[in-house]
Amino acid sequence: MAAGAKSFLADAGYGEQELDANSALMELDKGLRSGKLGEQCEAVVRFPRLFQKYPFPILINSAFLKLADVFRVGNNFLRLCVLKVTQQSEKHLEKILNVDEFVKRVFSVIHSNDPVARAITLRMLGSMASIIPERKNAHHSIRQSLDSHDDVEVEAAIFAAANFSAQSKDFAGGICNKISEMIQGLATPVDLKLKLIPILQHMHHDASLASSSRQLLQQLVTSYPSTKMVIVTLHTFTLLAASSLVDIPKQIQLLLQYLKNDPRKAVKRLAIQDLKLLANKTPHTWSRENIQALCECALQTPYDSLKLGMLSVLSTLSGTIAIKQYFSVAPGTTATTARSFDLVKLAQECCYHNNRGIAAHGVRVLTNISASCQEKDLLALEQDAVFGLESLLVLCSQDNSPGAQATLKIALTCMVKLAKCRPHLSQSVVESLLTQLHSAQDAARILMCHCLAAIAMQLPVLGDGMLGDLMDLYKVIGRSATDKQQELLVSLATVIFVASQKALSSEVKNVIKQQLENVSNGWTAYRIARQASRMGNHDMARELYQSLLTQVASEHFYFWLNSLKEFSHAEQCLTGLQEEDYSSALSCIAESLKSYHKGIASLTAASTPLNPLSFQCGFVKLRIDLLQAFSQLICTCNSLKTSPPPAIATTIAMTSGNDLQRCGRISTQMKLSMEEFRNLATRYGDLYQSSFDADSATLRNVEFIRQQQSCLLISHAIEALILDPESASFQEYTSSGAAHVESEYERRMMSVFNHVLEEVESLNRKYAPVSYLHTACLCNAVIALLKVPLSFQRYFFQKLQSTSIKLALSPSPRNPAEPIAVQNNQQLALKVEGVVQHGSKPGLFRKIQSVCLNVSSTLQSKSGQDYKIPIDNMTNEMEQRVEPHNDYFSTQFLLNLAILGTHNITVESSVKDLNGIVWKTGPKTTIFVKSLEDPYSQQVRLQQQQGQPPSQQQQQQQRTAYSRF
């Protein structure tokens with residue numbers, strides 16, 4: 001077992017850590033065998049950490065069997081520890097290979113005379129329900145224990161019954177009547193009934209079961225009107241409806257009825273909480289009458305706490321399809337009725353409420369109505385929303401409490417949404433933000449700066465108006481070096497970078513640098529430099545990176561900062577490009593490439609095995625190759641002057657039938673250049689596909705470069721102007737040009753893109769290739785593209801989501817260099833297991849739906865013997881998709897290795913996200929397999945060489961051996 005675990009984990013890519021896995025398991029096993037209770041407990045509670053570190057089945061199976069032994073022979077405290085470990089490691093339970101043995105050891109304790117031991121065993125079985133949902137002995141034990149006279153055992157049986165009901169349709173159907181009898185039985189205490197009722201939420205496996213459970217709950221609500229009973233029953237009712245889906249409209253009506261008619265505040269609060277749950281889960285099931293009823297309740301209630309809850313439900317609904325249903329005119333009714341706008345009346349009434357939370361929800365409802373119902377004339381409503389937002393801004397910006405900050409976030413989010421959907425309101429919103437910015441608290445200023453940056457990104461025309469106020473504020477802040485002040489320096493600098501759009505003026509740079517020298521620390525300066533790189537202000541970024549070089553303690557950080565400084569300098573070199581000046585363009589590109597090559601050397605030195613900086617290196621290498629391709633294109637265009645077509649070029653073209661030959665050698669060079677740009681497009685596409693964890697802005701940036709800046713635009717221009725002007729189509733490019741843009745970089749790229757296309761199209765119609773006009777158009781296109789400063793996006797600096805896959809193959813060799821031996825008349829069964837590992841924020845940008853495993857084998861070296869074997873299939877190329885469950889997946893491949901010799905088997909994984917996009921995340925794992933001739937064939941061949949026919953018995957053996965496959 002230990003050797004198996006070692007080789008298994010070694011193949012999983014753990015390197016030398018496989019010794020740690022075995023030694024850790026042995027260490028824990030030693031603790032379990034200890035005579036001291038404390039050491040045994042310590043060993044047990046350390047198992048979840050072991051599972052997290054080595055999440056493959058062979059180790060987990062062995063560990064859980066050891067824990068089951070401890071559970072079987074230990075005391076109740078040890079059993080409790082094992083139970084807690086099992087509950088913590090629930091997602092690893094399905095990796096237990098010997099489920100029967102594990103359950104047998106645990107289940108033996110159910111026959112104990114100690115009710116506490118039985119109770120812990122029932123809870124253990126309940127925690128394992130996902131892997132043993134249909135075990136009849138477990139079902140029987142739970143039913144028996146529900147009739148126990150020991151309260152602890154009954155509570156444990158209820159816990160187990162709830163877990164098994166959620167997993168097993170048979171158990172849920174069988175236990176439903178038993179639960180019903182106990183709840184309705186007069187002998188059952190009320191507190192036990194309160195614990196039994198929530199089991200009914202799991203009775204959703206089929207319609208009849210759900211219907212009978214609803215009827216029972218309906219009876220309970222009317223039969224037991226006490227507060228606790230109503231609260232538990234209503235909540236179970238809601239959860240059952242949310243799971244079975246068919247009864248949600250009825251449940252909404254029932255909850256609204258209790259909200260309106262029941263005088264108890266606790267019941268009303270529960271109804272509001274459940275309505276919020278249903279508003280989040282199924283907003284499309286809310287009718288106009290439901291929303292109207294909720295508005296009436298909110299208008300009538302005198303209690304602020306209840307009004308806040310109801311408004312919270314309404315604000316959730318106002319951001320969904322339900323709001324359109326509310327404002328839609330029913331057929332046969334007049335356009336507007338007096339009561340149809342109760343929602344608006346309520347929101348307007350609450351906008352200026354003295355309770356911040358109520359005011360925030362009121363404003364949010366108004367904002368969502370203004371954004372969703374754009375076809376309606378809602379001018380007064382928009383003004384109310386703006387005034388409400390301004391009053392909230394004044395109120396919350398002076399308060400540092402967490403509640404005020406949360407309210408301010410809601411208000412600022414509404415401001416951004418309003419500015420985006422109703423641009424004519426953005427000016428007044430920005431003015432109120434700038435006015436309030438001077439007197440606000442630091443915590444509020446930071447949030448307001450984020451809001452201003454978001455608005456300026458959407459509407460760049462507002463940026464210039466902000467700059468003066470922002471600079472005045474930047475000069476006076478930063479009197480102290482507190483964390484909030486440092487954060488504010490970064491936020492304000494970001495807004496200034498967004499607002500200034502083009503290059504920063506020297507005055508702005510001096511003010512920022514002056515403030516940084518006064519109060520900032522190195523981390524603040526780095527964050528501001530990072531923002532400058534993202535916004536394309538490379539001269540500012542270079543100076544800041546330069547100043548930070550001597551302030552870091554690690555050589556990896558030094559090389560990282562040095563590489564960023566070089567990249568910023570390289571991009572700064574390109575800002576001096578001038579149209580029509582091609583010789584200076586070549587020298588600028590050469591200077592930029594020189595800095596880029598220095599930077600990539602530093603970047604490589606900054607990488608470590610734990611942080612290989614693969615995206616950064618790939619992005620920069622592509623940028624270098626793109627600049628070289630641009631430089632080569634300008635040189636090719638110049639070659640029309642330096643090496644014009646020879647006098648006999650026309651004759652050559654007529655003889656060869658290739659009209660392009662009359663242009664001379666430039667046609668061949670242009671063809672090579674076009675292929676190079678197309679190759680670059682493919683490589684940018686590969687970089688995009690390998691960046692599963694990147695944020696959407698970074699991916700959009702890579703796609704922009706791929707489509708508009710590099711290859712596809714320039715290669716299309718070369719084809720349309722020179723190589724194939726007659727068949728060139730502009731339709732696909734003009735349609736993609738209308739794509740939605742979200743940043744100034746994208747906006748400027750789109751404008752250059754459209755301008756280049758217009759130039760190419762007009763030249764394409766007027767002149768035959770190749771003239772100086774054509775080459776000048778290409779050169780100007782290159783210069784126009786390079787004049788847009790490159791944006792280094794977030795993923796270049798910061799990885800917010802981390803996803804990796806570890807693969808384990810079996811069989812696997814003891815030594816990675818040794819091949820696995822297999823006979824050529826047998827097929828190799830290759831088992832591939834894998835674990836998906838996440839960082840601190842799993843699924844932040846995208847989630848894995850399935851893992852695609854591709855297995856291929858190639859013959860490395862043939863065997864020395866020179867003889868022929870009949871082969872049906874000489875190669876193996878297979879693909880399977882598997883869906884990970886609890887971040888674990890497993891599948892098998894059957895490989896035919898009939899050719900004698902050493903085969904190289906490669907397993908490569910990629911992932912498919914929820915949108916169906918395939919990402920090449922890796923990893924790629926390789927093993928070597930040596931295909932050996934089977935003994936019988938070897939004997940037959942030797943006999944044939946010696947001239948002896950094979951015996952009848954040997955032929956019979958051969959038939960038997962082959963029939964098995």
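## Helix α30 and its surroundings

In this predicted model, helix α30 has a set of buried residues: His-538, Asp-539, Met-540, Ala-541, Leu-544, Tyr-545 and Leu-548. The elements that cover these residues include α27 (483-500), α28 (506-519), α29, α31 (555-573) and α41.

One of the buried residues of α30, Tyr-545, has a relative accessible area of 0%. Its ring forms an aromatic pair with Tyr-526, with the centres 6.5 Å apart and an angle of 55° between the planes, an arrangement that counts as tilted. Because Tyr-526 belongs to helix α29 (residues 522-535) and Tyr-545 to helix α30 (residues 538-548), the pair ties together parts that are 19 residues apart in sequence. Tyr-526 has a relative accessibility of 10% and therefore counts as buried, the cut-off being under 20%.

## The chain as a whole

The protein chain contains 43 helices and 9 strands. It has 965 residues, of which 52% count as buried. If one takes the contacts between residues at least 6 apart in sequence, 73% join residues that are at least 24 apart.

## Aromatic pairs

The structure holds 22 aromatic pairs. One of these is formed by Phe-51 and Phe-64, whose rings are stacked, at 4.9 Å centre to centre and with 25° between the planes. Phe-51 is part of helix α4 (residues 47-53) and Phe-64 is part of helix α5 (residues 57-73), so this pair ties together parts that are 13 residues apart in sequence. Both Phe-51 and Phe-64 are buried.

Ring pairs also link a cluster, made up of Trp-560, Phe-567, Tyr-596, Phe-615, Phe-619, Phe-792, Tyr-795, Phe-796 and Phe-797. Among these residues are Phe-615, Phe-619, Phe-792 and Phe-796, which also appear in the lining of the largest cavity.

## The cavity

A probe the size of a water molecule, rolled over the atoms, shows where empty space remains. In this structure there is 1 cavity of 30 Å³ or more, and the largest cavity encloses about 40 Å³ of space. Its lining consists of Phe-615, Phe-619, Thr-698, Asn-701, Val-702, Ser-791, Phe-792, Gln-793 and Phe-796. Two elements, α33 (614-642) and α36 (696-709), each give two or more residues to this lining. Helix α36 gives the most, with 3 residues.

By residue type, the lining of the largest cavity comprises 5 nonpolar and 4 polar residues, and no charged ones.

## Ser-791, a residue of the cavity lining

Ser-791, one of the lining residues of the largest cavity, is found in the loop between α40 (772-787) and α41 (794-797). With a relative accessible area of 2%, Ser-791 is buried. A polar atom of its side chain lies 2.6 Å from the backbone oxygen of Arg-534. The side chain of Ser-791 also makes a polar contact of 2.8 Å with the side chain of Gln-793, which is another residue of the cavity lining.

When residues up to four places away in sequence are not counted, Ser-791 touches Ser-533, Arg-534, Asn-701 and Tyr-745. Arg-534 thus appears both in this list of contacts and as the residue whose backbone oxygen lies 2.6 Å from the Ser-791 side chain. Asn-701, for its part, also lines the largest cavity.

## Two further buried residues

Leu-434 is located in helix α24 (residues 426-437). Its relative accessible area is 8%, so Leu-434 counts as buried. Apart from its neighbours within four places in sequence, Leu-434 is in contact with Leu-452, Gly-465, Met-466, Asp-469 and Leu-470. Leu-434 and Asp-469 are separated by 35 residues in sequence, while their C-alpha atoms are 6.9 Å apart in space.

Thr-301 occupies the loop between α17 (288-300) and α18 (304-318). Is Thr-301 buried or exposed? Its relative accessible area is 13%, so Thr-301 is buried. A polar atom of the Thr-301 side chain lies 3.4 Å from the backbone nitrogen of Tyr-303. Beyond its neighbours within four places in sequence, Thr-301 is in contact with Leu-306, Lys-307 and Met-310.

Key:
Residues are numbered from 1 along each chain as its sequence is written. This is a predicted model: local features need pLDDT of at least 70, side-chain atom pairs count only at pLDDT 80 or more; totals for chains, interfaces and linings use all residues. Side-chain values use heavy atoms; hydrogens and water are left out. Helices (H or I, at least four residues) and strands (E, at least two) are DSSP runs, numbered from the N terminus. Buried means under 20% relative accessible area, exposed over 50%, partly exposed in between (1.4 Å probe, protein chains only). A polar contact is a pair of N or O atoms within 3.5 Å; within protein, one must be able to donate a hydrogen and the other to accept it, and residues adjacent in sequence count only if both atoms are side-chain atoms. Contact means heavy atoms within 4.5 Å. On a 1 Å grid over the protein atoms alone, a cavity is a set of points where a 1.4 Å probe fits but cannot get out, and a pocket is an open set with protein on both sides within 12 Å along at least five of seven lines; lining residues have an atom within 4 Å of a point. Grid points are joined across faces, edges and corners, and a volume is the space filled by probe spheres set on the points. Ala, Val, Leu, Ile, Met, Phe, Trp, Tyr, Cys and Pro count as nonpolar, Asp, Glu, Lys and Arg as charged, and the others, Gly among them, as polar. Rings of Phe, Tyr and Trp (its six-membered ring) pair if their centres lie within 6.5 Å; planes under 30 degrees apart count as stacked, over 60 as edge-to-face and the rest as tilted.
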